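Biologist: Please take a close look at the aromatic pairs in this protein, and at how they fit into the rest of the fold. A plain account will do.

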Amino acid sequence: MTDLYRRQFISAAGTLAAAASLTSTSALASDSGCNTLGPVVHMVYFWLKNPDSIADRDALIAGLNSLKAIPQIQGLHVGVPASTLERDVIDSSYQVSELMLFNSTEDQDAYQTHPLHVEFIEKCAHLWSKVVVYDSVSA
């Protein structure tokens, strides 16, 4: 499988996971106050510099969970790779993932410069060696 198809699959799977993990489906409903773009899904995958360090993983998870206080975030899921069946389409090489929902691209843009997000990066950037981001809007 090519890297392009793998990335597309991961992006689609992340979007489905966001929908499934919400406790309230109203966040995804078209009449929930979202603009015409619909919800924006922000998926981030982190590879730690010390992938076997539980302390580093837990510090990153705590840092990500601290972002819940940012008002533009409508939904947040912080996770680690699931112990699902191994298949060619699964990339579980990352150590921590984050999935966020926003009502608009403007809200996602505001999140990027929010002081809590900037502080998170300053405090936690030393923990990761690689970060991959997938942003998508409803089709």
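Modeller: Among contacts between residues at least 6 apart in sequence, 77% join residues at least 24 apart. The model is a predicted one, and the protein in it has 139 residues, of which 35% count as buried. Its secondary structure comes to 4 helices and 4 strands, and from the N terminus on the elements run α-β-α-β-β-α-α-β.

Now the aromatic pairs. With a cut-off of 6.5 Å between ring centres, the count comes to 6 aromatic pairs. Take Phe 46 and Trp 128: their ring centres are 5.1 Å apart and their planes meet at 50°, so the pair is tilted. The angle is neither under 30 degrees, which would count as stacked, nor over 60, which would count as edge-to-face. This pair links distant parts of the chain, since Phe 46 belongs to strand E1 (residues 40-48) and Trp 128 to strand E4 (residues 128-137), 82 residues apart. Both Phe 46 and Trp 128 are buried.

Another pair is made by Trp 47 and Tyr 94, with ring centres 6.3 Å apart and planes at 80°, so this one is edge-to-face. Here too distant parts of the chain are linked: Trp 47 is in strand E1, while Tyr 94 is in the loop between strand E2 (75-79) and E3, 47 residues apart. Trp 47 has a relative accessibility of 13% and therefore counts as buried, the cut-off being under 20%. Tyr 94 is buried as well, with a relative accessible area of 13%. Trp 47 and Tyr 94 also belong to one aromatic cluster, together with Tyr 45 and Tyr 134. A charged side chain is placed at Trp 47 too: Lys 130 lies over the face of its ring, at 4.4 Å from the ring centre.

Tyr 45, from that cluster, leads on to Ser 97, a residue of strand E3 (residues 96-102). Not counting residues up to four places away in sequence, Ser 97 touches Val 44, Tyr 45, Leu 64, His 77, Val 78, Gly 79 and Val 80. At 10% relative accessibility, Ser 97 counts as buried.

Back at the start of the chain, Pro 39 sits in the loop between helix H1 (3-21) and E1. Pro 39 is buried, its relative accessible area being 9%. The C-alpha atoms of Pro 39 and Thr 105 are separated by 8.4 Å, although the two residues are 66 apart along the chain.

Thr 105 begins the range of helix H3 (residues 105-113), which packs with helix H4 (residues 115-124) at an angle of about 50°, the axes being 5 Å apart. The two helices are therefore oblique to each other. On the H3 side, Tyr 111, Gln 112 and Thr 113 meet Pro 115, His 117 and Val 118 of H4. The residues of this contact divide into 3 nonpolar, 3 polar and no charged.

To return to the request: the tilted pair of Phe 46 and Trp 128 joins strand E1 to strand E4, and the edge-to-face pair of Trp 47 and Tyr 94 joins strand E1 to the loop between E2 and E3.

Note on methods
Residues numbered from 1 in each chain as written. Predicted model: local features only at pLDDT ≥ 70, side-chain atom pairs only at ≥ 80, totals over all residues. Heavy atoms only, no water. Axes fitted to C-alpha atoms, helices over the stretch in contact; angles between N-to-C directions. Parallel < 35°, antiparallel > 145°, perpendicular 65-115°, else oblique. Contact = heavy atoms within 4.5 Å. Nonpolar A, V, L, I, M, F, W, Y, C, P; charged D, E, K, R; others polar. Buried < 20%, exposed > 50% of the residue type's maximum accessible area, 1.4 Å probe, protein only. Lys NZ or Arg CZ within 6 Å of the ring centre and 35° of its normal.
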